[in-house]
Number of protein chains: 2
Amino acid sequence: MSYPDKLVSAVSKNNSRIVIGLDPDLTKLPSFILKYNSPVTEFNRLIVECTSDIAAGYKLNMAFYEYLMKQGIDAVRETLEVIPGNLITICDAKRGDIDNTAGMYAKTYFEIYGFDAITLSPYMGQDSVMPFLGSENKFVYLLALTSNKSSGDFQMLKTGSHYLYENVIEKSISWSDYKNLGYVFGANHTEEIRKFAGSYPEVPLLIPGIGAQANDLKRLMNSLGSNNNFIINSSRNIIYSFEKNCSEKEFVDSVRNSAKKLKEEINSMIVSV
Amino acid sequence: MSYPDKLVSAVSKNNSRIVIGLDPDLTKLPSFILKYNSPVTEFNRLIVECTSDIAAGYKLNMAFYEYLMKQGIDAVRETLEVIPGNLITICDAKRGDIDNTAGMYAKTYFEIYGFDAITLSPYMGQDSVMPFLGSENKFVYLLALTSNKSSGDFQMLKTGSHYLYENVIEKSISWSDYKNLGYVFGANHTEEIRKFAGSYPEVPLLIPGIGAQANDLKRLMNSLGSNNNFIINSSRNIIYSFEKNCSEKEFVDSVRNSAKKLKEEINSMIVSV
């Protein structure tokens, strides 16, 4: 199945636009989890099991796993094993390198680990992205306009009549003949999302960085009106929603409820066009 | 010791500007090495041992190690252990992510692995780079103008009166008060290197992508005239210079001679200013 088809089916299965960011930080895990031999795997497994009827998929930020060295490699593999096959899995790696190196990364994250999608940085241009576009079952979310404070340093520089991020989109949009390339937009950039969504209603968007305020989410949802392939990532507000000394049941309830609440908030705000 | 001081001392110790890229590709290793339990570590160890009086340091491209999963983690750690402490070690990772994620990468590559320097991509701006600039003993080589064919897609877009890569340099040059940030320029961009080297003679440069022709090297060396902190990376021409069925002695001789030849070619072309 192509990634866009899998995305549509995952969104529809759980009637959900949320992707849960599994970014395990050892200092923030609940105390009870430390009794397990592989606390990170156990943490992720519990989250996946209690949200797999709520989320469209999961995003794993590689920085958190690389920090754990070999334990991190096990945790990624074991987590991917417990995620149901009909939900999407995104490797948040933001790689970008020359073609033979890019090919090694593609093999590692798509073939060995088996992720459905990966985030990439566009700075090095087309040949750094092409090795990831070889299979329609795999997908690239290219950084367009990110949510961090310094995103404007370069992404919002004017290049001719366009901003750099617009130039990135304009050049890259056809690299895969509209088959397996989409974009990352930070949730705070609602005007830019509105513009993109109006021009490219079918192109998948991955949106991290939703704020704590319902207002922000409302603005975001309004801006997404025309796009029907967006997913919204939430990490800390879901996976660290519990008290550190909670019981396993309290942990599961808290994670599940946070995920459910976000899913329902989003669904209540979806703008039909 | 600050990284710039370590760099000067490593260059002077072996009178060498070359950094050897340790990019182990299992399909290209010499046959004899496969008898070892850890062929990649053994491959790197033999290369380091026969070139540590020739090179200023070593650059490890993470893609090749990530592909090897846990064996790759061991290989990185074991390789860093055999590299003499007075030579420089560069983690070629081209990371770039929001600040807390960047902090995880910095901890992983600088503190756990212990690399001296890392390559980063500038697309996400200042706050994605700052977490790597906390210690003067560590160093960032930020991508400016890369050697790949598509480097011009975005890096050479005009942003006002400057190219994007020039804007990257102009904005980032003072992020560390000139203490621990330098740039990556592909060896083919000799005119741009000349311009940079003239403006910033002290700022460290990492230059990959030298071609097979002596002419290319001559042009590069001429362009570097004013910069006294450059290093030139060579990978495949040194570490895959042998016949696949060579003996261990032939392997060592071939690697050593290729490294020595390049070092001497470069030294013979260094332009005094």
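# Exercises on a two-chain barrel model

In chain A, strand E1 (residues 18–22) and strand E10 (residues 230–234) run parallel and are joined by 3 bridges. Helices (H or I, at least four residues) and strands (E, at least two) are DSSP runs, numbered from the N terminus; two strands pair if DSSP finds at least two bridges between them. The model is a predicted one, in which local features need pLDDT of at least 70, side-chain atom pairs count only at pLDDT 80 or more, and totals for chains, interfaces and linings use all residues. Residues are numbered from 1 along each chain as its sequence is written, while chains are lettered from A and ligands numbered from 1 in the order in which they are written.

## Exercise 1: the barrel of chain A

Task: Find the bridge partner of A:Ile18 in E10(A), then place the two strands in the barrel of chain A.

Solution.

Step 1. A:Ile18 has A:Ile232 as its bridge partner in E10(A).

Step 2. Helix H11 (residues 248–269) of chain A packs on the sheet and touches E1 and E10 of chain A. Two residues are in contact if their C-beta atoms, placed from the backbone, lie within 7 Å. The direction of H11 makes about 145 degrees with that of E1(A); axes are lines fitted to C-alpha atoms, for helices over the stretch in contact, and angles run from 0 to 180 degrees between N-to-C directions.

Step 3. In chain A, 8 strands close into a barrel with parallel pairing, in the order E1-E2-E3-E4-E5-E8-E9-E10. From one strand to the next, the twist averages 30 degrees.

## Exercise 2: the overall form of chain A

Task: Describe chain A by its secondary structure and its radius of gyration.

Solution.

Step 1. Chain A has 11 helices and 10 strands.

Step 2. The radius of gyration of chain A is 18 Å, close to the 19 Å that the globule rule gives for 273 residues, so chain A is as compact as a globular protein of that length. This radius is taken over C-alpha atoms, and the globule rule is 2.2 Å times the number of residues to the power 0.38.

Step 3. The C-alpha trace of chain A spans about 55 × 45 × 35 Å along its principal axes.

Step 4. Of the 273 residues of chain A, 53% count as buried. A residue is buried if 20 or more other C-beta atoms lie within 10 Å of its own, exposed if 12 or fewer, and partly exposed in between, with C-beta atoms placed from the backbone.

Step 5. Among the contacts in chain A with a separation of 6 or more, 73% are between residues 24 or more positions apart.

## Exercise 3: a strand of chain B

Task: Work out how strand E10 (residues 230–234) of chain B is covered and which strands it is joined to.

Solution.

Step 1. E10(B) is mostly covered, with 5 of its 5 residues buried.

Step 2. In a regular strand the side chains alternate between the two faces of the sheet. On one side of E10(B) are B:Phe230, B:Ile232 and B:Ser234, on the other B:Ile231 and B:Asn233, and all are buried.

Step 3. Strand E1 (residues 18–22) of chain B runs parallel to E10(B) and is joined to it by 3 bridges. B:Ile20 has B:Ser234 as its bridge partner.

Step 4. Strand E9 (residues 205–207) of chain B also runs parallel to E10(B), with 3 bridges. Here B:Ile207 is partnered by B:Ile232.

## Exercise 4: the two chains together

Task: Determine which elements of chain B touch chain A, and how the two copies are related.

Solution.

Step 1. Contacts link 46 residues of chain B with 46 residues of chain A.

Step 2. The elements giving two or more residues to this side of chain B include helix H4 (69–82), strand E3 (88–95) and helix H7 (164–172). H5(B) gives the most, with 7 residues.

Step 3. The residues on this side divide into 17 nonpolar, 17 polar and 12 charged. Ala, Val, Leu, Ile, Met, Phe, Trp, Tyr, Cys and Pro count as nonpolar, Asp, Glu, Lys and Arg as charged, and the others, Gly among them, as polar.

Step 4. A turn of 180 degrees and a shift of 0.0 Å along the axis lay chain B on chain A with an RMSD of 0.0 Å. The two copies are thus related as by a two-fold rotation axis. Copies are superposed by least squares on the C-alpha atoms of residues with pLDDT of at least 70 in both.

Step 5. The C-alpha of B:Thr159 is the nearest to the axis in chain B, 2.3 Å from it. The same surface serves both copies, as 100% of the contact residues of chain B recur in chain A.
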